[in-house]
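Here are my notes on the model you sent, set out as numbered points so that you can follow each one against the coordinates.

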Amino acid sequence: MSCRRTPCPRNRAGADSSRPSRASSTKGQGLPGDTVNWELVLTRAVFAELCRRLAENPSRVSVCPSGLARLPDRHTVLVSALEFRNGARRGEANLVAVGAASEAELLARLRAAILRPPVDTPAVFLALGTGDVAGACVGQALSWRGPEPLGAVRVIAEGLPVVRLIPSQDQYEPDSEGNEIWSRTIGALSPPVWRRLTELKPAIVGCGRSGSLLAGALIRSGVQAATVIDSDRLELGNCGEMDLVNVADVGRSKSQAIADALRSLALADSEISDVLGGATSLPALLAAKDAHFLFGCVDNGAARLAITLLAQLYLKPMLDIGTGVMETASQGRNVGFDIRLLLPGRCLSCFGGLRLTESAAGMQNPQSIETDWRLQRLGSLRSLNMAAVGMGLRLVEDFLAGIIRESTWLSADYEDGVPRVVAPSVAPVANCPICALAGLGDAGLEEVPGLLERLERGESRSGGAPTMGSGGSGATAQLWAP
Ligand SMILES: [Zn+2]
């Protein structure tokens, strides 16, 4: 599949018919007259299969049940499967895809589908060119308010390809000054890959040793917007190994101290937000939904499980970084790290060895998570965090360049002072209970309490496709609650 970005504003259907009044500006309240911008996110498998079907038979109308991620001013339709899974659930939204063999047909077929929608709203309509007009694309969203603009189609695959359907103000503008600042990085990565990196809009969960190093590296690379998330306050014992903080910051929230440092570190205008809250807090959920990429730099399984759940629910690529200086009975002092780049369909459980039972218990009962680091490890090494963060960032750069196409796990151990890095290959796991939530969006959050109860009981297989409303009692931890 091509991973070219196509920043071509070809959405003439959208331009014609999607100019709802902006007279009422009560942003995000869903009142008549409000405009919500829509995006469509597809997994690589869905996009490839849709293209194949439409090329084979352009007159076919494909309807895919979809999850929905709601933010005040943007709704994202999430498609991780072409059909209803086991007929067990209906999507909160739908994608209606048609093909067209000429430019004129693109608009005609899109309009025909919108005029006689085969599904209830909300729905996103997409006409994809085939044959001579392959690569052309027009689209439109339809909610109960009427037609609304579809801003972009994102495919979760190497290079994170984006088809922009309507011109947007935040589109990349070549900037000679910026290009000079980052000329070496641009030269090394190529301009398109560097641009993808700067538009990554990361949410970084965990602002400790690895998280602070990673956040600084991303901002110094030219990332234009980022959110840093952490529930802890800075203690004196954090200052030695963390980046970007000093003893004057002790007592402040880690995320706020890091965000302030990032603002002063940024070489150009960057939009930096901070969240004082853990991976299961509501602000973290909103930041994750808004982000294009999740970074997990946390030190416990419960937070890892929460991040990998969010990545699946909202079809976000993610990178998890874990380092350790441990003492084991068999090997003595063990120094190493694990880095996992995960695309939807692989999670930290089925591709990374996350221990589900204890992680689920920790998510349900945060008080049970061990907070005394001395009981978990011998200590921490800034050099080890730097090595892990550097290698993780290289993975992301190669993913954006299209060099890495699949979920990738790098595991490093030091043996007699020499790092040995392996890339474990793990066969796909049928019925992974975490991956079964892929693309369910907001509705999938209801499934999480029941899932955690089952995982804590040691039931680590998916019971098939989740059904709406089959969530647990909700009597345990308040997950992503206001
Ligand atoms: Zn999985």
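**Notes on the fold**

1. I begin with a helix on the sheet, bearing in mind that this is a predicted model. Helix α12, which spans residues 382–400, lies across β14, β15 and β16, and its course makes about 20° with β15.

2. The sheet concerned is an open one of eight strands with mixed pairing, and its order reads β12-β11-β10-β13-β14-β15-β16-β17. Because β12 (271–276) and β17 (418–422) each have a single partner strand, they stand at the edges, and one side of each is left without a neighbour in the sheet. On average, and with direction ignored, neighbouring strands of this sheet are turned by 15° against each other.

3. At the β17 edge, the pairing with strand β16 (residues 408–415) is antiparallel and extends over five bridges. Within this pairing, Tyr 414 stands opposite Pro 419 in β17.

4. A further helix, α10 (residues 301–313), also packs on the sheet, where it touches β10 (202–205), β13 (293–296), β14 (318–328) and β15 (332–342), and its direction makes about 170° with that of β13.

5. How do α10 and α11 pack against each other? Helix α11 covers residues 356–364, and it meets α10 at an angle of about 90°, with the two axes 7 Å apart. Since angles of 65 to 115 degrees count as roughly perpendicular, α10 and α11 are therefore described as roughly perpendicular to each other. The residues that meet here are Gly 301, Ala 302, Arg 304, Leu 305 and Ala 306 from α10, and Glu 358, Ser 359, Ala 360, Gly 362 and Met 363 from α11.

6. The largest nonpolar core has 133 residues, and those with the most contacts inside it are Val 124, Leu 126, Ile 204, Val 205, Ala 215, Leu 294 and Leu 310. Helix α10 supplies the largest share of this core, namely nine residues. The core draws at least three residues from domain 1 (12–164) and at least three from domain 2 (176–456).

7. Val 124 may be worth displaying on its own: leaving aside residues up to four places away in sequence, Val 124 touches Trp 38, Leu 40, Val 77, Leu 95, Gly 139, Ala 141 and Leu 150.

8. For the chain as a whole, there are 13 helices and 17 strands, and 46% of the 482 residues count as buried. Among contacts between residues at least 6 apart in sequence, 70% join residues that are at least 24 apart.

Note on methods:
Residues numbered from 1 in each chain as written. Predicted model: local features only at pLDDT ≥ 70, side-chain atom pairs only at ≥ 80, totals over all residues. Pairing = 2+ DSSP bridges. Helix = DSSP H or I, 4+ residues; strand = E, 2+ residues; numbered from the N terminus. Axes fitted to C-alpha atoms, helices over the stretch in contact; angles between N-to-C directions. Contact = placed C-beta atoms within 7 Å. Buried ≥ 20, exposed ≤ 12 C-beta atoms within 10 Å, placed from the backbone. Core = buried A, V, L, I, M, F, W, Y, C linked by C-beta atoms within 7 Å. Domains from an automatic or database assignment. Parallel < 35°, antiparallel > 145°, perpendicular 65-115°, else oblique.
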